[in-house]
Amino acid sequence: MKVYFPGNKQVFMDVNDFTIQTDQGIKGGGEASFPEPFTLFLASLGTCAGIYIKQFCDQRKIDTSEITIDQSIEYNTEKRMIGKIQLMVNVPVSFPEKYEEAVIRSANMCAVKKHIHPDIEVVTLINRLSNDS
């Protein structure tokens, strides 16, 4: 992996055949042309959980086209860092109810989650969408 600085507040990293591009927001003196590194860190949790959910569903031939994950964070103002991250797994009405807890367990197997500091609570929940959603 190689990190380099193409200009202004941009920081790029070459990883295998990919380039990860980051920038700082306008407030941080950047151009907001790419996600900030911390945003990518947060995104790695949701996408990692998503991989585990996708694998779980694929093994059972469950359609994932209507499954989404909403990720939210709550800040701990005393510690001046994130206190809680919530992953809300939205599943359609047709999703087999018997697999809800298993999908949560699958998401929680994410390697990124296992490396999050223990002071940060990571909660995974299921939200069963109605036919109206």
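Start by selecting Tyr75, which sits in strand β4. Keep in mind that you are looking at a predicted model. With a relative accessible area of 55%, Tyr75 counts as exposed, since the cut-off for that label is over 50%. Now add Phe38 and Phe41 to the selection: together with Tyr75 they make a nonpolar patch on the surface, and the three share about 340 Å² of accessible area.

**The mixed sheet**

Widen the selection to the strand that carries Tyr75, then to its sheet. Three strands, in the order β4-β5-β6, build an open sheet with mixed pairing. Colour β4 (68-76) and β6 (121-128): these are the edge strands, and each has a single partner, so one side of each is left without a neighbour in the sheet. If you fit axes through the strands, neighbours turn by 20 degrees against each other on average, with direction ignored.

Next, step through the pairings. Where does the antiparallel part of this sheet lie? Look at β4 and β5 (residues 81-91), which run antiparallel and are joined by 9 bridges. Two pairs are handy as landmarks here: Ile73 has Ile85 as its bridge partner in β5, and Ile69 stands opposite Val89 of that strand.

Keep Val89 selected and look to its other side. The bridge partner of Val89 in β6 is Ile126. That pair belongs to the β5 and β6 pairing, where the strands run parallel and 8 bridges hold the count.

How many residues of β5 are buried? Colour by accessibility and you'll find 8 of the 11, so the strand is largely enclosed by the rest of the structure.

**The turn at Arg80**

Go back to β4 and follow the chain into β5. The two strands form a hairpin with 4 residues between them. Pick Arg80, which is found in that loop between β4 and β5. Its phi is near 55 degrees, a positive value in a residue other than glycine. For background, most residues other than glycine have a negative phi. Is Arg80 buried or exposed? Arg80 is exposed, at a relative accessible area of 77%.

**Helix α2, across the strands**

Now select residues 100-108, helix α2. The helix lies across β5 and β6, and runs at about 145 degrees to β6. Which residues of α2 are buried? Show side chains for Glu100, Ala102, Val103, Ile104, Ser106 and Ala107. Then bring up what covers them: the cover includes α1 (37-59), β5 and β6. As a reminder while you look down the helix, an α-helix has 3.6 residues a turn, so residues three or four places apart point the same way.

**Past the end of β6**

Follow β6 onward and stop at Ser130, in the segment after that strand. Ser130 is partly exposed, with a relative accessible area of 39%. Draw a distance from its C-alpha to that of Val91: you should get 9.2 Å, for two residues 39 apart in sequence.

**The antiparallel sheet**

Jump to the start of the chain for the other three strands. They form an open sheet in the order β1-β2-β3, with antiparallel pairing. Here β1 (2-7) and β3 (18-22) are the edge strands, each with a single partner, so one side of each is left without a neighbour in the sheet. Neighbouring strands in this one are turned by 25 degrees against each other on average, direction ignored.

Zoom in on β2 (residues 10-15) and β3, which pair in the antiparallel sense over 5 bridges. For a concrete pair, click Val11 and then Thr22, its bridge partner in β3.

**Last stop: Ala32**

Carry on from β3 into the loop that leads to α1, and select Ala32 there. Ala32 has a positive phi near 55 degrees, and is a residue other than glycine. Its relative accessible area is 47%, which makes Ala32 partly exposed.

What is Ala32 in contact with, leaving aside its neighbours within four places in sequence? Highlight Asp23, Gln24, Gly25 and Ile26. To finish, draw one more C-alpha distance, from Ala32 to His115: the two are 83 residues apart along the chain and separated by 28 Å.

Note on methods: Residues are numbered from 1 along each chain as its sequence is written. This is a predicted model: local features need pLDDT of at least 70, side-chain atom pairs count only at pLDDT 80 or more; totals for chains, interfaces and linings use all residues. Side-chain values use heavy atoms; hydrogens and water are left out. Two strands pair if DSSP finds at least two bridges between them. Axes are lines fitted to C-alpha atoms, for helices over the stretch in contact, and angles run from 0 to 180 degrees between N-to-C directions. Contact means heavy atoms within 4.5 Å. Buried means under 20% relative accessible area, exposed over 50%, partly exposed in between (1.4 Å probe, protein chains only). Patches are made of residues with over 30% relative accessible area and no salt bridge: like charges are joined within 9 Å, nonpolar side chains (Val, Leu, Ile, Met, Phe, Trp, Tyr) within 5 Å. Accessible areas come from the Shrake-Rupley method with a 1.4 Å probe; for residues, only the protein chains shown count as cover. A salt bridge is a side-chain nitrogen of Lys or Arg within 4 Å of a carboxyl oxygen of Asp or Glu.
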